[in-house]
Each structure stands twice: as structure tokens, then as C-alpha cells.
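Here's a quick briefing to get you started. Have a look at the sequence and the model first.

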Amino acid sequence: MPDDAPLPHPATRRSFIRRGAAAAVALPVVVSTLGACGETRAASKAPPEGKPAVPPPPPSQRQKADQMDAMHEKGIKAFPAKTEGQGNQVMQPRVENGVKVYDLTAEEIQWEVEVGRKVKAWTYNRQVPGPQIRVREGDRVRVNLTNRLPESTAIHFHGLELPNDQDGVPFITQPPVKPGESYTYEFTVPNAGSHMYHSHHNAAIQVGLGLLGAFVVEPKHQVRAHKADVDYVMVLNDGYHGYTLNGKGFPATEPVVCTMGQVVRIRFMNEGMMIHPMHLHGMHMTVIAKDGWDQPMPWKCDTLNIAPGERWDVLVKANNPGTWAFHCHILPHAESEHGMFGMVTALVVKPATA
Amino acid sequence: MPDDAPLPHPATRRSFIRRGAAAAVALPVVVSTLGACGETRAASKAPPEGKPAVPPPPPSQRQKADQMDAMHEKGIKAFPAKTEGQGNQVMQPRVENGVKVYDLTAEEIQWEVEVGRKVKAWTYNRQVPGPQIRVREGDRVRVNLTNRLPESTAIHFHGLELPNDQDGVPFITQPPVKPGESYTYEFTVPNAGSHMYHSHHNAAIQVGLGLLGAFVVEPKHQVRAHKADVDYVMVLNDGYHGYTLNGKGFPATEPVVCTMGQVVRIRFMNEGMMIHPMHLHGMHMTVIAKDGWDQPMPWKCDTLNIAPGERWDVLVKANNPGTWAFHCHILPHAESEHGMFGMVTALVVKPATA
Amino acid sequence: MPDDAPLPHPATRRSFIRRGAAAAVALPVVVSTLGACGETRAASKAPPEGKPAVPPPPPSQRQKADQMDAMHEKGIKAFPAKTEGQGNQVMQPRVENGVKVYDLTAEEIQWEVEVGRKVKAWTYNRQVPGPQIRVREGDRVRVNLTNRLPESTAIHFHGLELPNDQDGVPFITQPPVKPGESYTYEFTVPNAGSHMYHSHHNAAIQVGLGLLGAFVVEPKHQVRAHKADVDYVMVLNDGYHGYTLNGKGFPATEPVVCTMGQVVRIRFMNEGMMIHPMHLHGMHMTVIAKDGWDQPMPWKCDTLNIAPGERWDVLVKANNPGTWAFHCHILPHAESEHGMFGMVTALVVKPATA
């Protein structure tokens with residue numbers, strides 16, 4: 001193969017992103033600025049004004065490999081890249097007469113998915129995912145929803161076994177909450193586990209735009225075997241915002257950080273439209289629960305297939321120090337010729353300080 | 001955002017349906033009449049003859065939300081909508097010398113998937129899914145297949161551990177059954193469980209068009225823990241007919257109905273080309289069997305991912321009264337801006353009458 | 001329906017293949033020569049030179065069915081079709097001072113996926129999948145990678161819990177291995193099971209083109225219940241080369257052959273971008289391990305959904321004699337109007353010779 005042979009498949013990062021979104025919902029996705037380096041190079045090849053174009057010598061194979069590697073390195077070195085806004089932040093409720101009160105406002109914002117890539121998002125409290133709600137089995141909870149969106153909405157508490165009138169499905173269990181209106185849900189938390197809340201009205205679009213969040217219920221009596229030093233919620237998505245973990249694409253994703261010997265609990269939640277088999281390097285995951293229900297016996301894997309609407313809880317015993325890639329193993333959700341992107345993060349196992 | 005701002009992503013129901021079908025097999029799908037309301041509105045904006053067009057004032061945000069909500073409400077209020085033809089009906093066999101005889105005729109019909117949406121279907125006995133065959137382990141069964149289709153066919157009994165010459169794979173275990181010809185299968189039913197029968201010739205097309213059905217085998221000795229008051233087969237599909245449950249798209253799907261305190265057994269069977277994570281609201285499902293084989297220990301979930309060719313049996317203890325949404329959690333298989341459609345039904349838990 | 005009615009959906013084999021690849025990565029796929037029979041027929045209808053075209057009489061329905069069936073038969077009768085090159089061959093290491101040394105060269109070749117269909121492949125040692133590495137827990141292993149590709153690469157040992165600096169992720173655990181350069185991995189094999197090795201640099205493209213292989217680790221102490229007479233690795237793929245099992249599409253796939261009464265262990269490994277629910281006819285599979293880790297209790301199925309990056313080990317007790325279809329149950333991955341193709345093979349259970 002000659003030095004100047006073209007790369008075998010000139011798929012660019014942006015075409016990967018577009019394609020991914022197209023497979024999901026065929027709607028336009030704002031493109032990462034990272035993808036712009038091709039144009040920059042093209043521009044630099046333009047001949048000076050008034051002179052005929054002299055084609056530059058083709059770059060050598062090594063030069064091209066170096067260029068590609070530099071893009072890959074740049075992404076990884078930028079990790080974790082700072083972006084505006086952080087989703088999935090644990091929300092402190094107001095407590096009124098023993099009731100934990102959560103005020104959620106649904107509204108449209110611009111959300112920075114990656115550095116410089118802003119997308120239209122429909123959010124709860126200006127976060128994607130929405131604020132993380134963490135309560136305990138048996139708690140009394142009130143959720144005040146205010147709708148500042150241009151269309152009606154409603155909240156379904158996915159996984160909670162609520163009375164029918166709190167289930168959040170317009171025209172089946174409640175009227176839709178119109179633009180400008182408010183609606184209150186109130187219930188006693190019935191079952192523990194890793195659950196979610198999201199719109200159940202025009203949901204393919206509303207959830208795709210960001211109206212989703214984690215609803216974690218601690219059990220009344222903690223199972224000793226499930227005790228963890230780090231408890232991490234990882235919401236997977238693949239809609240209008242591209243491939244994301246907790247609302248951000250690599251390198252703007254957040255690493256999971258722990259210390260040698262610690263136990264990390266990861267609560268995977270899929271709010272997207274595709275499966276995502278999440279693969280952890282260097283250590284296995286012990287699966288302990290599905291949709292908030294304990295598995296009858298824990299089992300081990302390194303790649304866990306998570307389907308839309310599913311939640312899986314795993315424990316990782318952090319016994320292998322280093323920075324470990326942690327990503328969806330549908331490779332076009334995680335890497336392109338321009339480097340890793342989308343559903344990629346890292347598990348960082350720091351040495352224990354003596 | 002101004003009142004007249006367009007909806008964020010003007011995906012129509014028909015584009016969702018087309019897209020879904022395209023992802024599956026990229027073949028045309030007859031379009032729901034519901035999708036026509038866009039054109040109706042457009043038509044009403046045409047100026048009266050001979051007069052210049054005067055643009056009407058833009059509808060307010062609230063008007064648009066009301067319009068969308070009205071479409072959503074209309075679909076839900078129509079549920080369960082009456083359509084012509086009902087698939088998956090338990091078939092009574094003739095009994096000849098102790099053999100249960102099922103006569104199946106493969107033929108083309110027009111099948112009403114939703115109200116007013118008729119599609120070409122290749123069927124067994126004019127049903128999609130074909131008639132439900134329910135027998136007992138050890139029964140002697142004869143299936144007489146008559147082929148009135150324009151191409152050859154054959155029946156594979158998916159999940160049954162039959163002698164090789166009854167396996168239904170043309171050129172491997174039998175000759176194809178030519179148009180106009182008949183063929184007889186006969187066997188002693190070897191293994192219990194939730195199985196299927198379908199074409200195994202040109203199957204991507206023939207099964208996609210409807211040549212499929214449930215083949216349920218009751219065990220010789222019923223397991224006490226699996227006793228159910230309601231036994232419901234739910235065949236999932238996503239081919240040429242769009243997203244369907246038992247051959248119909250919401251709101252023409254059939255609710256699962258039971259009474260407080262009852263146990264409902266649901267036998268999920270995927271005859272399509274995509275995964276479908278089925279999500280039940282309000283109650284969990286206890287998974288007891290996979291492909292007709294008991295799971296070593298039952299386990300619980302509220303969202304069960306069912307892949308093509310798989311069968312999963314679950315029990316639901318109906319302890320939460322009300323009408324509960326029950327749908328595929330790949331949201332574009334279940335909802336659009338025009339309301340819920342496709343793979344949506346409801347579990348109705350009626351109050352126990354004292 | 002008249003005799004000369006067109007087939008309901010004139011999807012050709014090549015359109016199925018293209019569509020499959022498009023869903024995955026939207027890159028061109030070299031097309032099977034089998035798809036050419038349409039053109040051949042068209043050509044034969046051209047009028048002799050100088051004479052006006054006389055349209056031939058339309059073929060009867062039966063003739064068309066016979067033509068389709070002949071294509072189906074031809075594919076099946078050709079199985080297993082001979083093609084150049086065989087992947088997944090167990091590699092004998094050099095042993096140096098007690099270290100098992102594997103020399104792997106990454107290079108581009110033309111790979112014959114089906115008879116006459118050659119595709120560009122990036123390979124380890126000119127095989128797709130690369131040579132099968134089979135070692136024992138606790139072995140000392142050295143892998144010398146030489147890069148003869150036009151871009152940088154690296155090897156990740158997927159599933160092995162290695163020290164961080166052997167994990168094979170450029171810019172996180174090592175520098176990329178540039179074109180023309182070599183790199184050495186060396187480690188003590190930490191955990192048993194069905195693992196894989198593949199590129200982790202520009203991986204959506206490099207793995208898609210063939211830089212992948214099985215890495216099987218025998219346990220130090222064999223579990224009696226897992227003893228098998230036949231141990232078969234089946235690598236699933238769906239990238240640039242179309243739908244393949246061990247690098248070949250049906251009928252060039254390899255049958256799994258055993259004798260009545262034997263136990264067959266199949267190690268499914270998915271190196272593609274889509275799920276593949278593998279369905280075995282005639283007998284069930286007992287699932288014993290996931291990603292190299294024993295399941296807490298074995299469980300049975302006949303259709304096993306395998307997601308990208310996953311490995312599942314199953315045992316089949318060969319107690320049903322005959323040739324049994326064994327295929328992905330996403331039907332467009334396995335059959336078209338031109339017959340079976342892609343992810344199809346057979347389990348052949350030969351009678352025991354007395």
C-alpha cells in the first residue's frame with residue numbers, strides 16, 4: 001500500500017455522530033467543533049491569491065498516522081473536559097410537615113454536550129439528566145412540576161409501584177399539564193431500587209430532548225452485601241444530543257473515581273432508544289439488581305447489555321490500580337477516526353494512601 | 001420562546017413509522033390514516049377561489065398544545081379500537097384416532113392493523129398471528145399445511161425438539177411446499193413451554209408478512225408455583241405491518257384484563273427483527289421461563305428485553321388496581337407527536353367484587 | 001392473485017446486505033456474486049442483434065417459485081463452500097524460557113468472505129478472526145505486535161484483568177504503535193474464560209475491518225460439569241464484511257460437527273455492532289458462563305441474545321441426530337429471497353458408530 005493511500009473508510013467524526021442520531025431518530029444534531037479540523041487543513045491548502053495552485057506533496061503515511069493520533073491524544077488529554085452545566089446532581093428537598101418536597105421546572109435551555117457543542121434541551125431544573133432524587137423506602141414525597149415548555153407534559157415515575165393516579169400517563173391516569181401550568185404528585189415511596197422519572201407525554205421527543213432523571217430509593221434496611229464506598233448513577237442516552245453518559249459526550253464525561261480496595265456501585269439507567277453494552281476494562285462487574293430488584297444470585301461480567309428503560313446495578317471491587325476505559329462496546333458509539341467520543345468515560349482507581 | 005414557535009422536531013407519526021420500518025427492512029409500510037390530519041389542516045388553509053391568500057394568525061402556544069393533546073386523547077379514548085380480524089385465537093383441533101389435527105392454510109389477505117389501515121398479510125388461516133396452538137407434552141399432533149401463496153413455504157416449529165425430518169427447513173429437512181401443494185407434519189410433542197411456529201423459507205419476508213403463530217405446550221405436570229388465573233400470549237412484531245402486539249397497533253391492541261389478586265402469566269414472543277424491552281407500569285413482573293425452560297430461580301423486573309426469536313414467561317401478581325400502560329420502552333415504537341401508537345397496550349386490574 | 005404477480009417485496013440479497021451494513025456503519029460493502037443472477041437473467045432476455053425485442057411470456061407462478069427455490073437449494077447444497085483463507089485457527093506459540101510467545105502481524109489483505117466475494121480486511125496474521133490464542137490460567141504470555149497497517153494500532157485484551165500498562169488503550173495505557181513499528185505485551189494470564197483481543201485504536205473501523213480474535217483461557221482446575229467433547233469458538237460480526245460467523249458468510253461458514261451423545265461447548269463472541277440472537281434448532285443450549293465467568297446456576301434456552309463485546313458459553317448435549325440449522329434470528333441477517341446467507345451455519349449430529 002503506497003504511503004499516500006487514503007484511509008480505508010473516510011468516515012469522519014461528524015458523520016459518525018450524524019449517523020448515530022439518524023439511526024435513532026433521524027433528526028439533526030449540532031456538530032462538535034472537534035470535527036472542524038478537516039476544514040482547517042483544507043483552508044490552509046488554498047493557494048495564495050493570484051498564484052496558480054501547486055499541489056503540495058502528499059503527506060507520508062507516517063504523517064497521516066501522526067495527524068490521526070494527535071486528534072485521539074487531544075481528546076484523551078482533554079478528559080474530563082469542562083463544560084457548562086452538570087446534570088444528575090443530587091437534589092436536596094424542602095421538608096414540609098415531614099414531606100420531602102421537590103420542585104421541578106420543565107424548561108428549554110441550551111445544553112453544552114461537549115466543549116463548544118450546544119444543543120437545544122428540554123430539562124428539569126436546567127439539568128440533563130434532571131436532578132437526582134434520592135429518598136428512602138417509606139418516605140413521603142411531593143413533586144411539584146411546573147411546565148414552562150411550549151407543549152403539555154407529565155411525569156412518570158418509572159419503576160415505582162405507585163397508586164394509579166400518580167402514574168403520570170396523560171388521559172389514562174391524569175390530564176396533561178399544559179404550558180404554563182403546574183401539577184403536584186404526592187406519594188409514599190413504595191419500593192426500593194434504582195428507578196427513573198421522565199415525561200410520559202410525547203415522550204419519544206420529550207425524553208429524547210432531556211426530560212429525564214434518576215430516582216434512587218434506598219431500602220429501609222440496607223443489605224450488608226450491597227454496601228458500597230462509592231455510589232454512582234450512570235444514565236445512558238442516544239437521542240437528539242448524541243451518545244451521552246449523564247448528559248455529556250466524551251471527553252466532557254465525568255470519570256468514576258475511587259481508591260484501591262473500595263467497592264463502587266454503579267447504577268446503569270438507559271433513557272435512550274438503543275441497547276448499550278457497557279464494557280469495563282481491568283475489573284469485572286458483579287450484577288446485583290435489575291430494575292431495582294435484587295437478582296436471586298449475583299453474577300459477574302465485564303460487558304453488560306442495557307436496554308432502553310432498564311436499570312442494572314453492579315458492584316466493582318476496585319482491586320486493580322490505574323485509569324481504565326469504560327465505554328459502550330458498540331464501537332461507533334464510542335470511537336471514530338477523530339478519537340474517542342460519546343459513551344466513553346473512565347474508572348480511576350487511585351492507590352490507597354498508607 | 002414565542003407563542004408560535006414551531007415544535008422542536010416536527011417528526012410526524014408517519015415519519016416515525018416509516019423510519020421504524022426502514023431500520024428494520026426499508027420497505028414501504030402502508031400509512032395510518034391518523035397521519036392525514038396534517039394535510040387536512042393544510043388544505044383548510046387554501047384561499048377561497050379567486051381571492052388572494054391571507055395568512056391566518058398563528059395559533060397560540062396553548063392552541064397548539066391543545067391540538068396535540070386532543071390527538072393523544074383521541075387515541076387513548078379509542079382504546080381498544082375495533083378492527084376487522086383477530087389473530088392468535090386458540091384453535092380447536094380435530095381429533096383423529098387420538099391425534100390432534102390442525103389444518104393450516106397459508107394465504108394472502110388484507111389485514112387491518114389499525115382502524116382503517118389495511119396491509120397485505122401472508123397468514124395462517126387468515127389470522128395474524130396465526131391461530132394459537134395449545135397442546136400438552138406427549139400429545140400426538142398433526143399439522144396439515146396447505147400453501148395458497150404465490151411462492152413455496154414450510155413450517156418450522158421454533159423451540160420444539162422434534163425429529164430432524166419434522167424441523168421444517170427446506171432443502172435441509174424437507175422439500176419446499178410449492179404453491180398449491182400441501183404437506184403434513186406429525187410428531188409427539190416433546191418439550192413443554194412457550195414456543196412458536198413460522199415459515200422457514202424466504203423467512204425474512206414470509207415471517208415479516210405474517211406467517212407466524214404461538215405454539216404453547218402445557219407441561220404434563222403443572223408446576224404449582226406457575227399457576228395463573230390468566231394466561232396471555234403476547235407476540236411482538238416490527239416488520240412490514242409496523243410495530244404490533246398480536247398483529248395490531250395501538251389503539252387497536254387488546255388489553256390484558258384481570259381482577260385484583262389474580263396472577264397473570266404473560267408469554268412474550270418476539271417474531272420481529274428488533275429487540276423490544278417491554279415495560280409494565282404499576283407492578284413488577286417475575287420472570288419464570290426462557291424459551292420454554294424454567295429459569296433456575298425466578299427474578300423480578302419491570303422492563304424485560306425480548307430479542308428476536310426469544311420467548312420469556314413472566315407472572316404478574318395483580319395487586320395494584322387501575323389501568324396500567326404496558327409498552328415497548330423504545331419510545332419511538334410506542335409514541336409520536338400524534339399520540340401513542342404501535343407497541344402499546346394496558347394491563348387492566350379490576351377491583352375484586354366482594 | 002394472478003400467476004405473474006410480482007413477489008411481494010422485491011428485496012434482493014444485495015439490498016439486504018447493503019441495508020445491514022448501512023444500519024451498522026453506512027459504508028460500502030463489496031457485493032456477493034450470488035446477487036448477480038438477476039443481471040444474468042436480464043442479459044439473457046436481450047434480443048439477438050438486429051432483431052426487435054419480443055417480450056417472452058411471463059413466467060408462471062410455479063416457474064417463479066421454482067426459480068426462487070433453486071437459488072435457495074443452490075446455497076444450501078454448496079454448504080460448506082470452500083473459500084480461500086480460514087480464520088480463528090488455534091495458534092501454536094513459541095516457548096522462550098517458559099514464556100508462550102505469540103507473534104502477531106497486523107496487515108491488510110483481501111479476504112474471501114463468500115465464494116468469489118473478496119473484501120479488504122485488516123488482519124492479524126492474515127486471518128479473520130485472527131489466530132485463536134488458547135492458554136491456561138497462570139501462563140506467562142508474550143504478544144509481539146508488528147504493525148504493517150497504514151495507521152497506528154494497539155491490542156486490547158478484552159476480558160483479561162491485566163495490569164494497567166498491558167491494557168492496550170493508546171494515550172491512556174501506552175503510546176499508539178505507529179505504522180512499521182512493533183510493540184510487546186507480556187503478562188501472566190490472570191482469569192480463565194472466553195475472552196477476545198482486538199484493536200483499541202480507531203477501533204470502530206479497525207475492528208470492523210478484522211483486527212480481532214479469540215483469547216481463550218483454560219482454567220487451572222477444570223470444572224467437571226463443563227467438560228465438553230467439542231469446544232467451538234463462534235465469533236459473530238456484522239461490519240464491513242457483512243454478516244459473518246468466524247469471518248465467513250453462509251454457505252462458506254463452517255459447520256459444527258459432533259457425534260450422538262457428545263457434549264459441545266460453544267463460545268459465542270460478538271465483535272460486531274449489533275445484537276445477534278443465535279438460535280439452535282432441535283436441541284437446547286445450557287448457558288454456563290458470561291464473559292468468562294460462570295453463571296451462578298446454568299440455565300437453558302434455544303435462542304441466546306449476544307450483544308457487542310459479550311461472550312456467552314453454552315453446552316449442547318447432542319442427543320438429536322441430523323443436520324440442524326443454527327443462525328441469527330434477526331431474519332434479515334440470515335435469509336433473503338435468494339436463500340440463506342450471512343449468519344447461518346449448522347450443527348451436525350452424526351450417528352454414533354457402534
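What follows covers the empty space inside and then the contact of two chains.

This is a predicted model, where local features need pLDDT of at least 70, side-chain atom pairs count only at pLDDT 80 or more, and totals for chains, interfaces and linings use all residues. Residues are numbered from 1 along each chain as its sequence is written, chains are lettered from A in the order in which they are written, and side-chain values use heavy atoms, leaving out hydrogens and water.

**Inside space**
- The largest cavity (a set of points on a 1 Å grid where a 1.4 Å probe fits but cannot get out) has a volume of about 610 Å³.
- It's lined by 27 residues (an atom within 4 Å of a point), and the closest to its centre are Trp299(A), Trp312(A), Trp299(B), Trp299(C) and Trp312(C).
- That lining splits into 15 nonpolar, six polar and six charged residues, with Gly counted as polar, Trp as nonpolar, and Asp, Glu, Lys and Arg as charged.

**Chain A meets chain C**
- The contact (heavy atoms within 4.5 Å) takes 46 residues from chain A and 54 from chain C.
- About 4100 Å² is buried between chain A and chain C, with 62% from carbon and sulfur atoms; that's the accessible area (1.4 Å probe) lost on being put together, summed over both.
- There are four salt bridges between chain A and chain C (a Lys or Arg side-chain nitrogen within 4 Å of an Asp or Glu carboxyl oxygen).
- One salt bridge joins the side chains of Asp69(A) and Lys178(C), at 2.7 Å, N to O.

Definitions and conventions: On a 1 Å grid over the protein atoms alone, a cavity is a set of points where a 1.4 Å probe fits but cannot get out, and a pocket is an open set with protein on both sides within 12 Å along at least five of seven lines; lining residues have an atom within 4 Å of a point. Grid points are joined across faces, edges and corners, and a volume is the space filled by probe spheres set on the points. Buried area is the accessible area (1.4 Å probe) that two parts lose on being put together, summed over both.
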